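Colleague: I would like to go through this model from overall make-up to strand and helix packing. Please reason briefly and end each answer on the value or name I ask for.

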Amino acid sequence: MSFRWFIYYCAVCGGCAAFVGWALGKVPPLGPSAMLDALKGLCVGLMLGVVLSFIDSLISFSWAQAFTAAQRVATAGLVGAVSGFFGGLIGGAITRSLSYLPLQIAGTILGWTMTGLLIGASVGVFDLLVALSREQDVGGPLRKVIHGLSGGAIGGLLGSLLYLLFYGALGGVFGDKVDLDKMWTPGAAGFVALGLCIGLLVGLAQVILKEAWVKVEAGFRPGRELIVSKGEIVIGRAESCDIGLFGDNAVERTHARILREGDRYLLVDADTPAGTYLNGRRIDGPTPLRSGDEIRVGRNTLRFGERQKRTEE
């Protein structure tokens, strides 16, 4: 999918996930308490972690990677659930133990900002753990975690403000007791706004702060964009490839790789009969990539991009 659709899905699905999480948090027969706030936060964090990680997996999803995608989603869901639990617990404890309204507001903002921060990190935790376990370069996955942290924190902050705004405005219309009996309540509207903001800002942070990416301009499913967040990106027609180029007999199962080496990226052909072309020339060894370079694999054209263009050495 394109980066625009990625951001859109993160925002919309984030809002929907938060609503489902809010609804799940209201099922247990608990009275108003910090533990109830923690339970709601757990459900919201779980749903947001699962949904955002699932959308992230769809960028380069194939059925051969289904088990890995499931592991990524489960890991993000666990991190999101823990984040939401402690965020809700801290915010609820501060809010319910104090009678001074400004401090109650500050507690709510603190709790949801911390929750958003850690939910944002959940999207990249699996990739970081895989890189560490395989002793690979952790630079890309670590940046993905950091970008998620920043986007999640800002999203949690903005979302908490909208949550308080919705809760205050709609609470005055519907009354304080209605949210225990109605499905669409001031609390529900606030949680939807919260989830939407976290999803939107996590998606924006990943895209805006990206350092390198590849876009399929022609060939199989043109318009796809992939952030280069791993030490190795595999191009080919195998289902396990990061950039799958199917339906072209000139493309081998594993055709080429984009490798990160220090602060630069290299294009490497896998000794294929048809070869891999960079800016119209066939490469015969690891070749440095620069922003704007055109990669041709069979009938497929890819465009490599970087945040900063490199100068010729």
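Modeller: Helices here are DSSP runs of at least four residues and strands are runs of at least two, numbered from the N terminus. The model is predicted.

Colleague: On that basis, how many helices and strands does the protein chain have?

Modeller: Both kinds of element occur in the protein chain. The count is six helices and eleven strands.

Colleague: What share of the residues in the protein chain is buried?

Modeller: Buried means under 20% relative accessible area. The protein chain has 313 residues, and the buried share of them is 49%.

Colleague: How much area does the protein chain expose, and what part of it comes from carbon and sulfur atoms?

Modeller: The exposed area is about 14900 Å². Of this, carbon and sulfur atoms supply 63%.

Colleague: Which strands pair with E11, and over how many bridges?

Modeller: Strand E11 spans residues 300–306, and six of its seven residues are buried. Strand E10 (residues 294–297) runs antiparallel to E11, with four bridges. Strand E1 (residues 212–218) is also antiparallel to E11, and Val214 stands opposite Phe304 there. The partners are therefore E10 with four bridges and E1 with six, given that a pair needs at least two.

Colleague: Which residue in the turn between E10 and E11 has a positive phi?

Modeller: E10 and E11 form a hairpin with two residues between them. Val297 has Asn300 in E11 as its bridge partner. In the turn, a positive phi of about 60 degrees belongs to Gly298.

Colleague: Which strands are at the edges of the open sheet of five strands?

Modeller: This sheet has mixed pairing and the order E4-E3-E5-E6-E9. Within it, E3 (residues 232–236) and E5 (residues 256–261) are antiparallel over four bridges, and Val234 is the bridge partner of Arg257. The strands that pair on one side only are E4 (243–244) and E9 (287–288).

Colleague: Is H2 roughly parallel or roughly antiparallel to H4?

Modeller: The axes of H2 (residues 34–58) and H4 (residues 101–133) come within 9 Å and cross at roughly 30 degrees. Angles under 35 degrees count as roughly parallel. H2 and H4 are therefore roughly parallel.

Colleague: What is the handedness of the crossing of H2 and H4?

Modeller: Residues of H2 including Gly41, Gly45 and Gly49 belong to a group that meets residues of H4, among them Trp112 and Ile119. The crossing of these two helices, H2 and H4, is right-handed.

Key
Residues numbered from 1 in each chain as written. Predicted model: local features only at pLDDT ≥ 70, side-chain atom pairs only at ≥ 80, totals over all residues. Heavy atoms only, no water. Buried < 20%, exposed > 50% of the residue type's maximum accessible area, 1.4 Å probe, protein only. Areas by Shrake-Rupley, 256 points an atom, 1.4 Å probe, with all protein chains shown as cover. Axes fitted to C-alpha atoms, helices over the stretch in contact; angles between N-to-C directions. Parallel < 35°, antiparallel > 145°, perpendicular 65-115°, else oblique. Left-handed = near helix turned anticlockwise from the far one by under 90°. Contact = heavy atoms within 4.5 Å.
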